[in-house]
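Hello,

Here is the structure I promised to pass on to you. Please have a look at it first, and then read my notes below.

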Amino acid sequence: MDVVTVGPEEIRSAVSMPAAIDVVRNGFLALRRGEFEMPTRTVLRDGAFLVMSTHHRPTASAMIKTLSLNFGDRVPAIVGTVVWSELGHGRHLVADATEVTRIRTGAAAGVATDLLAPAEARTCTLIGAGGQAADQVRAVHAVRPLTELRVVDHSLERADALARALGAELSVDNVIAVADADEAVRDMDIVCCATTSTTPLFSPASLTENAHVNAIGAFRPTMRELPDELLADATVVIDEREAILEEAGEIIHALGSGAVTEDDLIELGDALAAGAGKRTGRTVFKSVGVAMQDWAVASLLAQTFLDQAR
Ligand SMILES: NC(=O)c1ccc[n+]([C@@H]2O[C@H](COP(=O)([O-])OP(=O)(O)OC[C@H]3O[C@@H](n4cnc5c(N)ncnc54)[C@H](O)[C@@H]3O)[C@@H](O)[C@H]2O)c1
C-alpha cells in the first residue's frame with residue numbers, strides 16, 4: 001500500500017484558489033449528474049466530531065474526512081484528516097483537513113459568487129474573522145476583483161488584523177475593520193458570513209437591492225446567520241438539499257416560520273446547469289459543506305503528490 005502525507009504548506013503551494021474553484025464547480029455539476037455516492041455526514045458529540053465520505057464512480061476514487069470541532073478556545077477550531085484513495089490501485093493520500101476545508105469552503109463560495117453576484121460587484125463585507133474567513137475573501141476576489149473590503153468580528157482587533165493582511169495580500173487599498181455589522185454591509189455588493197452565530201447578523205434593510213450574500217457558518221439547527229426576511233425575499237441557492245434540511249439553522253428556521261418553502265431552495269448544481277441568465281434582486285448562497293468538495297480538492301492534491309511518487 002502506498003501512502004503519501006501532505007501538510008498545510010504543501011497543500012497551499014499545490015492548490016491555487018482559481019484551480020480550487022474550477023474543480024469544485026465541476027464537482028457540483030458532477031454531483032447533479034449523480035456521479036457521487038455521498039451519504040449524509042455522521043455527526044457525533046452534538047457536532048463536535050464529523051465524519052464525511054464520498055465515492056466518485058467514474059474515477060473509482062474515494063475520500064473520507066474526519067473533523068474535530070472546538071470553537072471555544074482552540075486555534076484552529078477545525079482539525080482533522082482527509083484520506084483520498086485510488087480504489088483500483090490501493091494508493092492513498094493523507095492531507096491536513098484544516099487547510100483542505102478552508103480552501104474547499106472558500107471555493108464553493110467562489111463558485112456561487114461567480115454565478116450569482118452582479119458582474120460589476122467590487123466591494124465585499126466579511127463577517128467573522130476566524131479560520132475560514134481569509135479563503136472566503138480570496139475566493140470572492142478570484143471571481144470579482146475587489147476594490148473595497150470591510151471586516152467585522154466580535155473581536156475588532158482580529159477583524160483589523162485580518163483586514164490589513166488581506167489588503168496587503170490581495171492589493172486592495174480600501175480595507176477597514178468595522179464594529180457594527182449593519183453599518184458594514186450598507187452599500188456593499190457582496191457579504192460573506194463566516195461566524196458561529198446563533199442569531200441573524202444584520203437586518204435585510206441594511207443591504208442593497210442586488211446584494212449577494214454567502215453564509216457558511218450555521219451547521220446545526222440551533223445556529224443562524226441570516227434573517228428570515230432576507231431568505232423570503234432573495235433567490236436562495238444551497239449546496240445540497242438533504243444536508244441543508246438536516247443542518248442549516250437559518251433555513252430550518254425559515255421553513256418553520258413559512259418564510260420559505262422547500263421549493264424555493266435551488267441546489268448549486270442545478271443553478272450552474274441553468275446558467276447565470278439575467279438575475280435581479282438579492283441572492284443568497286447557503287452552504288453547510290459536502291464531502292464532494294473535499295474529494296475535489298484532494299483530487300488536485302493526488303494529481304500533484306501521488307503522481308510525483310509514482
Ligand atoms: N459551510 C461550510 O462548508 C463550512 C466549512 C467550515 C466551517 N464552517 C462553519 O463556519 C463557521 C466559522 O468557522 P471558523 O473555522 O472560521 O470558526 P472560528 O471560530 O475560527 O471563527 C469564527 C469567528 O466568528 C466570530 N463571530 C462569532 N459570532 C459572531 C457575530 N455574531 N458577529 C461577529 N463575529 C462573530 C468569532 O469572534 C470568530 O472570530 C463555523 O460555524 C464552522 O462550523 C462551515
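**What I found in it**

Let me start with one residue: R45 counts as exposed, because just 9 C-beta neighbours lie inside 10 Å of it. R45 sits in the loop between β3 (42-44) and β4. Its phi is near 50 degrees, which is a positive value in a residue other than glycine. Please keep in mind as you read on that this is a predicted model.

A60 makes a good companion to R45. Its phi is positive too, at about 45 degrees, although A60 is not a glycine. You will find A60 in the loop between β4 and β5. With 12 C-beta neighbours inside 10 Å, A60 counts as exposed, since 12 or fewer is the limit for that class.

**The two domains**

Now for the overall layout. The domain assignment splits the protein chain into domain 1 (2-101 + 292-309) and domain 2 (118-289). Domain 1 is therefore written as two stretches of the chain, 2-101 and 292-309. Taken over C-alpha atoms, the centres of the two domains are 23 Å apart.

How many residues of each domain are in contact with the other? On the domain 1 side there are 15, and they meet 18 residues of domain 2. Helix α2 (residues 17-32) gives the most to the domain 1 side, with eight residues. By class, that side of domain 1 has 10 nonpolar, three polar and two charged residues.

**The ligand and the core**

There is a ligand in the model, and 28 residues surround it. The closest of them are G128, G130, G131, Q132 and G289. Sorted by class, the shell around the ligand holds 14 polar, 12 nonpolar and two charged residues. Where does the ligand lie with respect to domain 1 and domain 2? Both domains give residues to the shell, so the ligand lies between them.

The largest nonpolar core can be described in a similar way. This core has 103 residues, and those with the most contacts inside it are L149, C192, V284, V297, A298 and L301. Domain 1 and domain 2 both contribute residues to the core, so it lies between them. If you would like one member to look at, try V284: leaving out residues up to four places away in sequence, V284 touches V213, A215, L226, L230, L231, A234, V236 and V237.

**Helices**

Back to α2, the helix from the domain contact. Its buried residues are A20, I21, V23, V24, R25, G27, F28 and L31. At 1.5 Å a residue, the 16 residues of α2 should span 22 Å, and its end C-alpha atoms are 23 Å apart, which agrees. G34 follows α2 and has a positive phi, near 80 degrees.

Helix α3 (residues 97-116) passes the same kind of check: its 20 residues should span 28 Å at 1.5 Å a residue, and the end C-alpha atoms are 28 Å apart, which agrees. Is α3 mostly covered or mostly exposed? The helix is mostly covered, with 18 of its 20 residues buried.

In helix α7 (residues 228-233) you will find A232. A232 is partly exposed, with 15 other C-beta atoms within 10 Å. Not counting residues up to four places away in sequence, A232 touches A259 and V260. A232 and P39 are 193 residues apart in sequence, and their C-alpha atoms are 29 Å apart in space.

**A strand residue and a cis bond**

T54 belongs to strand β4 (residues 49-56). With 24 C-beta neighbours inside 10 Å, T54 counts as buried, because 20 or more puts a residue in that class. Leaving aside neighbours within four places in sequence, the contacts of T54 are F36, E37, M38, A62, M63, A291, M292 and W295. From T54 to T208, 154 residues away along the chain, the C-alpha distance is 38 Å.

One last item: which two residues are joined by a cis peptide bond? They are V75 and P76, with omega at about 0 degrees. P76 is placed in the loop between β5 (61-69) and β6 (78-86).

Best wishes

Note on methods: Residues are numbered from 1 along each chain as its sequence is written. This is a predicted model: local features need pLDDT of at least 70, side-chain atom pairs count only at pLDDT 80 or more; totals for chains, interfaces and linings use all residues. Two residues are in contact if their C-beta atoms, placed from the backbone, lie within 7 Å. Helices (H or I, at least four residues) and strands (E, at least two) are DSSP runs, numbered from the N terminus. Ala, Val, Leu, Ile, Met, Phe, Trp, Tyr, Cys and Pro count as nonpolar, Asp, Glu, Lys and Arg as charged, and the others, Gly among them, as polar. A residue is near a molecule or strand if its C-beta atom, placed from the backbone, lies within 6 Å of it. A nonpolar core is a set of buried Ala, Val, Leu, Ile, Met, Phe, Trp, Tyr and Cys residues joined through C-beta atoms within 7 Å. The expected span of a helix is 1.5 Å times one less than its number of residues.
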